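Below are some comments on the model, set out point by point. They cover enclosed and open space, strand pairing and the cysteines.

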Amino acid sequence: MAHKAGPMNRPLWTPGVLVMLVFMFAGALAIIARFTGGIGYVTNLTHARPWGIWVGIDVATGVALAAGGFTTAALAHIFGRHYYEPVTRPALLTAVLGYTFVVIGLLVDIGRSWAIWKPMFNWNLNSVLFEVAMCVMIYLTVLYIEFLPIVAEQFKGRMNLPGILSKLNSLVDTILQIADRILGKVMWIFIILGVVLSCMHQSSLGSLMLVAPTKLHPLWYTPILPLLFLTSAIAVGYPMVVFETTLATSAFKLDSEMHILAPLTRFTIYLLGAYMVLKIGDMLVRGTWVYLLEGTTQTNAFIVEVLFGVMLPWAMLLFQRVRQSAKGLFFAAALIVGGVVLNRINVFIVGFKPPLSENGYFPAVSEILVTLGLIATLMFIYRVTVTWLPVLQASKEVRS
Amino acid sequence: MQITRRHFFRFMGAAGASVAVRPASAHAWQTKAPPDPFGCLVDLTRCVGCRKCEEACAEVNGLPEPERVNCQCTIFEKNRRPDETAFTVINRYYTGKVDAFDKPVPTYAKVQCMHCQDPVCVSACIVGALTKEDTGAVRYDVTKCIGCRYCMVACPFEIPAYEYFDPVTPRVMKCTFCQERIKETGGLPGCAAICPTETITFGRRETLLAVAKKRLKENPGIYIQHVYGEKEVGGTAWMYISSVPFETVNLPELPDAPAPKLSETIQHSLFSYLWFPVLLFGVLGAFMARCNKGDHKATSPDKGGA
């Protein structure tokens, strides 16, 4: 099975891409409004509710769903399961883009975007957020370094810049050659570092909310919140790979890669199972199940999260028939991804209820447009990248 | 993926060595409260809702004049919170208390930053823009702030407010404890200086606690036997005594454990000297060396990334 990643070389401007452009344009307008009228002009945030969907979705969920990058790298490169290498590239690209957009999302969300560099020089070692920020910053760099060989593979020896830039061809080519050679020797450091940094900040994203025991609903507020964030991120890694690989292969009419995806999700049974045991065990140990039948939005959101985002897909994956049908596998993976998305939204938004100032929160239209615009841009860049760089498997596509 | 085993073990040796020197036990969490801070004691039985403190606060801190500054009636119809234009507000509560003629008696309660002994905002702030001063004040340094608003997420009293409509240079706004004034000998915060009914007593926190307990002891029929802020979230510089239950005047029931304790304990036991990340690096590295042994030729020539 000599699979080799290759550029897609397909027409870029499909109807789907044009829809993305519409969302990108709308999002850009909302971002311009944010930087002229202020955060309050485009969002429904209040003094009691300082974090909305830009943090809950763009940042927290973005980081969780980028977990495919480090989980596949750990499997294929660290634990030596080379069989799974074909999925590491798309997962890496998702992580690179995911984290890039986490930073862009943060730039929109923080009040003083121009001051984003300040944590590098003003350290507060007591702050969970400081640790998260440092990890994300270093990890983003590591991801770009891990991605560089893919760029080098495509362009070294055939740099062909147009016009006046053509003078730079040999220089850029030399840089690519050198980078490629050096990186080949030290890449293992970055691969392990990527996994370590991911474990650190994936868990610490959960610790963020430990400072607010009176605000976060007890169904989610637990001292093991960091562990739950880490295990859920690890559990969602492979399902996310299944989810996006299926979308990409069906969009490009490629081979569905089932021979890799099906065995990959066998790990998910254990990983998601571990998360499920922790999550439900924590509920039983702390006795928070008493809240389950309260019937409030919060408790219902918790029930949906656990029932449809964890238990149902876990049970589905137990059946070999599900794992081996492309549709069944995609559905189970989508449920797991949805479950983790809902969990992050629950922890940062739905379950967050400041007791003194009672005001609900629902994101403003312009706030949603920013989030959608960023997601559309991410998908657009993914699309452009796989069109021109060797990320996806090209071997079995039917070329005309 | 290729590993040069020689490089690898050299690096691992260094990693192993740094793990070995890590402290044997995780540090027990310790309070970082200043030794003898100032505080304020608010006696809710004395407040008449004149709102002079709001006015004085605005003047001292260069804020806009309070909303309907001379109104002592309809202004109380809505429950107000401190915001980016007002560091302190007075609210009126009918808690079920009645006078001799069965007429409901209002209780007025002042709201402002409590200046916690171990402030969770200070612990949370990503850049250390918030600090606990020796005076007891929790001070905000706008030059460090990046506007992440994690302090607002963290604060159990929901105090920090934000200039949401400033697109480029918004600030976190909250009571300063008139830090510049109380640093001077004899200096009082604006609100405490003006209060005509001596609702607000300014002084050393220890002294105030003694005063509060004396009042509770001497008037057991009047006061609830509890000093709010003595122990809440590890203690606050601003403390309240009252004749009505505290939760009826929006002073929330809070755990005694200092709010930063849990997250700081987790962070420091895992990450001091980065011992855990380094250990994890070592373990993963060992796996990598083991699992990829003799694999060099079987692997595709593309490196890393792939």
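**Notes on the predicted model**

1. Helix α13(A) makes the biggest contribution to the lining of the largest pocket, supplying 7 residues. The model is a predicted one, and the points below should be read with that in mind.

2. The largest pocket holds about 920 Å³ of space. Its lining is made up of 31 residues, and those closest to the centre are A:M240, A:F243, A:I375, A:L378 and A:M379. Six helices of chain A each give at least two residues to this lining: α1 (15–37), α3 (53–65), α5 (85–109), α8 (225–251), α12 (326–350) and α13 (365–388). Sorted by class, the pocket lining has 21 nonpolar residues, 7 polar ones and 3 charged ones.

3. As for enclosed space, the model has 12 cavities of 30 Å³ or more. The volume of the largest cavity is about 120 Å³. It is lined by 16 residues, with B:R81, B:K110, B:V111, B:N250 and B:L251 the closest to its centre. In chain B, β2 (89–98) and β3 (104–111) are the elements that provide two or more residues of this lining. The largest share, 3 residues, belongs to β3(B). The class count for the cavity lining is 11 nonpolar, 3 polar and 2 charged residues.

4. The two strands named for the cavity lining also pair with each other. β2(B) and β3(B) run antiparallel, with 7 bridges between them. Within this pairing, B:Y93 lies opposite B:T107 of β3(B). The strands form a hairpin with 5 residues between them, and in this hairpin B:D102 has a positive phi near 65 degrees. A reader checking the backbone may want to look at B:D102 and its positive phi.

5. Chain B also has an open sheet of 3 strands, in the order β8-β1-β9, with mixed pairing. Its edge strands are β8 (200–204) and β9 (238–241) of chain B, each of which pairs on one side only. From one strand to the next, the twist averages 25 degrees. Strand β1 (residues 38–43) of chain B is joined to β9(B) by 4 bridges in the parallel sense. One register point to check here is B:V42, whose bridge partner in β9(B) is B:Y240. As a general matter, side chains in a regular strand alternate between the two faces of the sheet.

6. How many disulfides are there over all chains? The count is 0. Why is B:C57 not bonded to the closest cysteine sulfur? That sulfur belongs to B:C178 and lies 6.4 Å from the sulfur of B:C57, which is too far for a bond; the cut-off for a disulfide is 2.5 Å. B:C57 has a relative accessible area of 10% and is therefore classed as buried, the limit for that class being under 20%.

7. B:C195 is likewise in no disulfide, and the nearest cysteine sulfur, in B:C50, is 6.3 Å away. Is B:C195 buried or exposed? With a relative accessibility of 17%, B:C195 counts as buried.

Note on methods. Residues numbered from 1 in each chain as written. Chains lettered and ligands numbered in written order. Predicted model: local features only at pLDDT ≥ 70, side-chain atom pairs only at ≥ 80, totals over all residues. Heavy atoms only, no water. 1 Å grid on protein atoms, 1.4 Å probe; cavity = no way out; pocket = protein on both sides within 12 Å on 5 of 7 lines; lining within 4 Å. Points joined across faces, edges and corners; volume = space filled by probe spheres on them. Nonpolar A, V, L, I, M, F, W, Y, C, P; charged D, E, K, R; others polar. Pairing = 2+ DSSP bridges. Buried < 20%, exposed > 50% of the residue type's maximum accessible area, 1.4 Å probe, protein only. Axes fitted to C-alpha atoms, helices over the stretch in contact; angles between N-to-C directions.
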